[in-house]
Structures are given as structure tokens and as C-alpha cells.
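Dear colleague,

Here is the structure I promised to hand over, with the sequence alongside. Below it I have set out what was found, so that you can follow each point on the screen as you read.

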Amino acid sequence: MATGCFISTGRSLQDALERVRLAESLGYEAVYVTHVAGRESLTVLSVYAQATERIRIGSGVVPVYTRTPATMAQTAATIDELSGGRMNLGLGVSHRPVVEGWHGQTIDRPVAEMREYVSIVRAILRGESPPQGEKWRTGFHLSGLDPRPELPIYIAALSPAMLRLAGEIADGVVLWLCNPRYISDVVVPEVTAGRERAGRSAASFDVVAAVPGALTDDPGAAYAAIRKDLIPYFGLPFYRAMIERSGFGADIAAYDAAAGDLQGMQAAISEEFLEQLTAVGDEAAVQTGIERYRAAGAISPCVGPIGGTDFLQTLRAAAP
């Protein structure tokens, strides 16, 4: 059991480094960086590695369609060496607006393509000849850099099929917007099925769950802020399916009914959904929210910031 955190750079890399150093001093197990349109996440992890000594550093997550498997393996091995073996490589499919609109690639068979991608990355990290896939083919081998066979690979997953794949071939799963109910009812059974299919122990598998958190005396303001951030996710097919499976189909229906009305779309995200998803309030409430995830099966609940709140104070309140 461990507690981690998500610390992306926002508008200030120096502020992010202050948070990362604080997280390490407070005893957090790992710090993860999201991969969006700001500073490049794997480069940021290199900076985090040089600013810290103990805390694990992880990508949470890099879309596989943004780099070839050879480039991903080479970069991960370099950061793992730089950090003294502290790298967690988190990989994800992402979404068509990002993959197609930003990178000019295509998502065709996401589960099969993730399986193929991970198998190539694994082989390169082990110093083996990579298998030849249908989407990716390479003869790449590391040279002048020792293999990193123990480097953990995590997969971002929402659907049952991707969760089973993560359990089968990865060392952990990275979750976003998956509330405790979904973790206990869907995530844990599906990754366990994947572990069993591969003949691997579920005890060695990590479940990283992002927990939006805020130490605040005004939970309503924190909920209002996160409602704005969640609007895009309620429009993405992968997340919509997961939200419905977790028992909030009424929120999706209300969101659809309010289409074009931004305030109405935000209001469609119920307080019950936000209470389940977040760890918001005084220190006891923050800790209770994190423990709710742990009780549901999240091995490594990872607190992340909510806009407009003091994340330094939240890190202190959520510390293990």
C-alpha cells in the first residue's frame, strides 16, 4: 500500500519542482506527470529525477501513438538510468481528437495495438530482439545503455477489455475518473482475470487511481472548479462508457440534454458523483476520501490538484 501524487507543471516548472520536493519529504511513494499540450511529460520526468533522490517518477500517461515503441523504450531506459531505477512507464491509448487531430495517427484496434506496443517495448528493455507486429515493426536494440528488464510498465485502462489486458501484460494500471465503486466492481475483477489468464499473481500488480483532492473550507467552490475541468471527459466515448458503468448514467443523460448550455452541462455532473470521485474538505475529509479508494482496491491512490485550491496544503493533508 502506498500513496502517490500527480504533479504536472502547470504554468511554472519551478512551482512544480517545489511540490515534487515537498511530496518526497512528506513520504509520498511516487509522483506522476500527465501528458497533454504543455511541457513534454518525459522531459519533465528527467527534471524531476534530478531534483529528487527517493520518490518514484512516472508518466501518467504517454499516448502510445505519439512515439514509436523503440523511441519510447529508449527514452524510458534513459530516464530510469538517470533516476537510479525510479521510473514507472505509464502508457495509454488516449483519444481520437488527440491521436488524429494532434499527431496525425489512427486508433484502429486499441487493445490489440496496446498489446503489440508493450511487447515490443518490453523486449527492447530486456535487451531482446523485438517481435514484429502488424502496426509497429523495428529491429532496434539498446546500445551503450544497459537493458532495464525490471522497469515497470503501467497501462491506462477504462474498459473491461483494456483492464484485462493490463492485468495480463503490465505491472500496474493507471486510472482517471474511476470512482471507488467502479474500482471495486469493475477494475479489480477485470485485472484479476487478466492476471489469472497470464498465470501471474494479483499481489504483484499496482492499481494507481487519480484522486482529485483539495484541503478547503469551501467544498462547493472546489466542486465548481472541477466541474469545469470534467466537461470534456463527459463528451469522450471511453469515459462516457465508464461513467455509465459506474452508476452515473443519469449524469450522462443530463449532460447530453444540456448540450450547448455550458452551465447546464456543468450542473449535470451531480454532487454525488463529485463526492465519490474526490477527496475534498478538511484534513480528515481528505484522508477519508483517499482511504475510500484504498478500501475499494486502489493499491496506490494518487492525489491530484483541483483548480483554484492550494495544492501544497493538500499535499500536506493527504500525506501518508
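Two aromatic rings, from Phe, Tyr or the six-membered ring of Trp, are taken as a pair if their centres lie within 6.5 Å. With that cut-off, Phe-234, Phe-248, Tyr-255 and Phe-273 form one aromatic cluster, and the structure as a whole holds eight aromatic pairs. Please keep in mind throughout that this is a predicted model, and that every value here was computed from it.

One of those pairs, Tyr-117 with Trp-136, is edge-to-face, with 4.9 Å from centre to centre and 80 degrees between the planes. Tyr-117 belongs to helix H5 while Trp-136 sits in the loop between H5 and strand S6 (153-156), so the pair ties together parts that are 19 residues apart in sequence. With a relative accessibility of 0%, Tyr-117 counts as buried, and Trp-136, at 11%, counts as buried too. The face of Trp-136 also has Lys-135 lying over it, at 6.0 Å from the ring centre.

The overall form

The chain contains 14 helices and ten strands, and its C-alpha atoms fill a box of roughly 55 × 40 × 35 Å along the principal axes. A compact globule of 320 residues would have a radius of gyration near 20 Å, and the chain, with 19 Å, agrees with that expectation. Of these 320 residues, 53% count as buried. If one takes the contacts between residues at least 6 apart in sequence, 72% of them join residues at least 24 apart.

The nonpolar cores

In soluble globular proteins, nonpolar side chains tend to be buried together. Here the largest nonpolar core has 102 residues, of which Ile-7 and Tyr-48 touch the most other members. Helix H5 (residues 110-126) gives this core its largest share, seven residues. Apart from the largest core lies another, of nine residues, which include Ala-30, Tyr-154, Val-208 and Cys-302. As for Tyr-48, once its neighbours within four places in sequence are left aside, its contacts are Ile-7, Ser-8, Thr-9, Ala-16, Leu-17, Val-20, Val-31, Val-33 and Ile-57.

Two helices

Helix H5 has 17 residues and reaches 24 Å from its first C-alpha to its last, close to the 24 Å expected at 1.5 Å a residue. Its buried residues are Glu-113, Met-114, Glu-116, Tyr-117, Val-118, Ile-120, Val-121, Arg-122, Ala-123, Ile-124 and Leu-125, a list in which you will notice Glu-113, Glu-116 and Arg-122 beside the nonpolar names. What covers these buried residues includes H3, S5, S6 and helix H6 (160-169), and just after H5, Gly-127 takes a positive phi of about 80 degrees.

Helix H3 (residues 69-82) has 14 residues, which at 1.5 Å a residue should span 20 Å, and the distance of 20 Å between its end C-alpha atoms agrees with this. Within H3, the buried residues are Pro-69, Ala-70, Met-72, Ala-73, Ala-76, Ala-77, Ile-79 and Asp-80. Their cover includes helix H2 (41-51), strand S3 (56-59), strand S4 (62-63), strand S5 (87-92) and H5. Just after H3, Gly-84 has a positive phi of about 75 degrees.

Backbone details to look at

Where is the cis peptide bond? It joins Gly-60 and Val-61, with omega at about 5 degrees, and Val-61 is found in the loop between S3 and S4. A further point concerns Leu-177, which has a positive phi of about 70 degrees although it is not a glycine. Leu-177 lies in the loop between strand S7 (172-175) and helix H7 (180-198), and since its relative accessibility is 0%, Leu-177 counts as buried.

Finally, Ala-202 lies in the loop between H7 and strand S8 (206-215), where it is partly exposed, with a relative accessible area of 40%. The C-alpha atoms of Ala-202 and Leu-315 are separated by 29 Å, the two residues being 113 apart along the chain.

With best wishes

Conventions: Residues numbered from 1 in each chain as written. Heavy atoms only, no water. Core = buried A, V, L, I, M, F, W, Y, C linked by side-chain atoms within 4.5 Å. Buried < 20%, exposed > 50% of the residue type's maximum accessible area, 1.4 Å probe, protein only. Helix = DSSP H or I, 4+ residues; strand = E, 2+ residues; numbered from the N terminus. Contact = heavy atoms within 4.5 Å. Expected span 1.5 Å × (residues − 1). Phe/Tyr/Trp six-rings, centres within 6.5 Å; stacked < 30°, edge-to-face > 60°. Lys NZ or Arg CZ within 6 Å of the ring centre and 35° of its normal. Rg over C-alpha atoms; globule rule 2.2 N^0.38 Å.
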